[in-house]
Amino acid sequence: MKDIRIQKSRFCVLVTSNCHRLREMLGPAVTGTKNVLEAASSANVRRVVVVSSMVTVEINPKDWPKDKTKDESCWSDKEFCRNNEDWYSVAKITSEEVALEYGRQIRLDVVTINPALVLGPLLQPMCSTSCQFLIYFLKGGPDRMRNKLWHIVDVRDVADALLLLYENPAASGRHICAPHSISARDLLRLLKQMYPGYPCITEESIDDMDNPAPMTSDKLKNLGWSCRPLEETIAGTVEFCEQAGFLGDLQGAPCRFPPVYNKI
C-alpha cells in the first residue's frame, strides 16, 4: 500500500467520530468535523475524504421504496434514529451532512465514503466491534438478533477505496462501499460450513424480519474499485481473531452480541 503523507500530497482523510456515547457526543462530532474542514481549507488541502458509514444510507429512508436498490441519493431517516435512541447513527448522519454542506460553503472539495460492516485482519491488538459481531456468531451466547441483511466489506478493500477517492479527479459526493450482502441466517450457515469446529449461535436465536433491497457500490466500482470475495474476508477475520486469542475460552464467560447492531 502506498504511504500517504497528507501534508505533502495536499489530501486529507477525516474519520468521523464513532460517537458510541449518547446525545452529548453529537455536538462535539459536528464541531470536530467543521474544525477539521476549516483546518484543511487553511492548509490549502485540495480534497478531504470523510469516512462516514452505511448507517447514513440504509436506516428506514423516507420516500424510498423497499424494493428499490439504495444508492448515494438515499439518506437514512435521522428522526427515526433519534426516536429509536440510536445516537450512533444520528451522529453519523449529521456529521456527513455537515461535512458535505460545509465543504460547499467554504468551497472545499469534500467526498465521503460509506463503508458497510468492516471485517478483515486488524492492525491493532484490540478487538473491534465489527470483530465482536463475527465472534458472537462463532462462539454463541444468550442474545437474540434479527435476520437482518448485512452489508460487509474488507478493511483492505476500504483502504484501496480511500486511495482511489484521494487520487481520482472524477470522485465526487458520496460513495457507498458495501459490496457483499448476506442475511444473518445465511452468514451463520456459511460460518458453520467454513468453521465446523466452533459451536456457533443457533438459527432459532435469529428472529425473522422483512429485508428491503440492498445497497449498491456501483458508483465506486465505476471509478475502478474492486473487492475481495466474502469468503476471503471472513477467513482473514477469523485467522486474525484466532491468532489474537479472541476466539479462545469457548467454555468461559458467555459472549455477547454488540448491542449497537440491534439498533441499526
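So, tyrosine 261: leaving out neighbours within four places in sequence, its contacts are Leu117, Thr129, Ser130, Phe133, Arg146 and Trp150. This is a predicted model, by the way. Tyrosine 261 sits in the segment after helix 10, and at 8% relative accessibility it counts as buried. One of its partners is a long way off in sequence: serine 130 is 131 residues away along the chain, yet the two C-alpha atoms are separated by 9.3 Å.

Serine 130 takes us to helix 6, residues 129-139. How many of the 11 residues of helix 6 are buried? Nine of them, so the helix is largely enclosed by the rest of the structure. Here's the roll call of buried ones: Ser130, Cys131, Phe133, Leu134, Ile135, Tyr136, Phe137, Leu138 and Lys139. And what covers them? The cover includes three strands, namely strand 4 (117-119), strand 5 (145-146) and strand 6 (149-154), along with helix 8 (184-194) and helix 10. After helix 6 comes glycine 140, with a positive phi near 80°.

Stay with Phe137 for a second. Together with Ile234, Phe137 has the most contacts inside the largest nonpolar core, which has 72 residues. Not counting residues up to four places away in sequence, phenylalanine 137 touches Met145, Ala184, Leu187, Leu188, Leu191, Cys200, Ile201 and Phe257. There's another core apart from that one, of 10 residues, with Leu37, Ala40, Ala99 and Tyr102 among them. As background, nonpolar side chains in soluble globular proteins tend to be buried together.

Now over to helix 10, residues 230-244, where we find phenylalanine 240. Phenylalanine 240 is buried, at 12% relative accessible area. Leaving aside neighbours within four places in sequence, phenylalanine 240 is in contact with Pro121, Leu122, Gln124 and Phe246. Take leucine 122: it is 118 residues from phenylalanine 240 along the chain, and their C-alpha atoms are separated by 7.1 Å.

Okay, cysteines. How many disulfides does a search of the whole structure find? Zero. Cysteine 127 is in no disulfide; the nearest cysteine sulfur belongs to cysteine 131 and is 5.1 Å away. The cut-off for a disulfide is 2.5 Å between the sulfurs, so that pair doesn't qualify. Is cysteine 127 buried, partly exposed or exposed? It counts as partly exposed, at 25% relative accessibility. Cysteine 81, on the other hand, is buried, with a relative accessible area of 1%.

A quick word on backbone angles. Aspartate 63 has a positive phi of about 55°, although it is not a glycine. You'll find aspartate 63 in the loop between helix 3 (55-58) and helix 4 (78-83), and it is exposed, with a relative accessible area of 80%. Glutamate 85, again not a glycine, also has a positive phi, of about 55°. Its place is in the loop between helix 4 and helix 5 (87-105).

Last stop, the second largest pocket. It holds about 450 Å³ of space. Which residues lie nearest its centre? Those are Glu58, Ile59, Asn60, Met209 and Pro212, out of a lining of 23 residues. By type, the lining divides into 11 nonpolar, five polar and seven charged residues.

Technical notes:
Residues are numbered from 1 along each chain as its sequence is written. This is a predicted model: local features need pLDDT of at least 70, side-chain atom pairs count only at pLDDT 80 or more; totals for chains, interfaces and linings use all residues. Side-chain values use heavy atoms; hydrogens and water are left out. Helices (H or I, at least four residues) and strands (E, at least two) are DSSP runs, numbered from the N terminus. Buried means under 20% relative accessible area, exposed over 50%, partly exposed in between (1.4 Å probe, protein chains only). On a 1 Å grid over the protein atoms alone, a cavity is a set of points where a 1.4 Å probe fits but cannot get out, and a pocket is an open set with protein on both sides within 12 Å along at least five of seven lines; lining residues have an atom within 4 Å of a point. Grid points are joined across faces, edges and corners, and a volume is the space filled by probe spheres set on the points. Ala, Val, Leu, Ile, Met, Phe, Trp, Tyr, Cys and Pro count as nonpolar, Asp, Glu, Lys and Arg as charged, and the others, Gly among them, as polar. A nonpolar core is a set of buried Ala, Val, Leu, Ile, Met, Phe, Trp, Tyr and Cys residues joined through side-chain atoms within 4.5 Å. Contact means heavy atoms within 4.5 Å.
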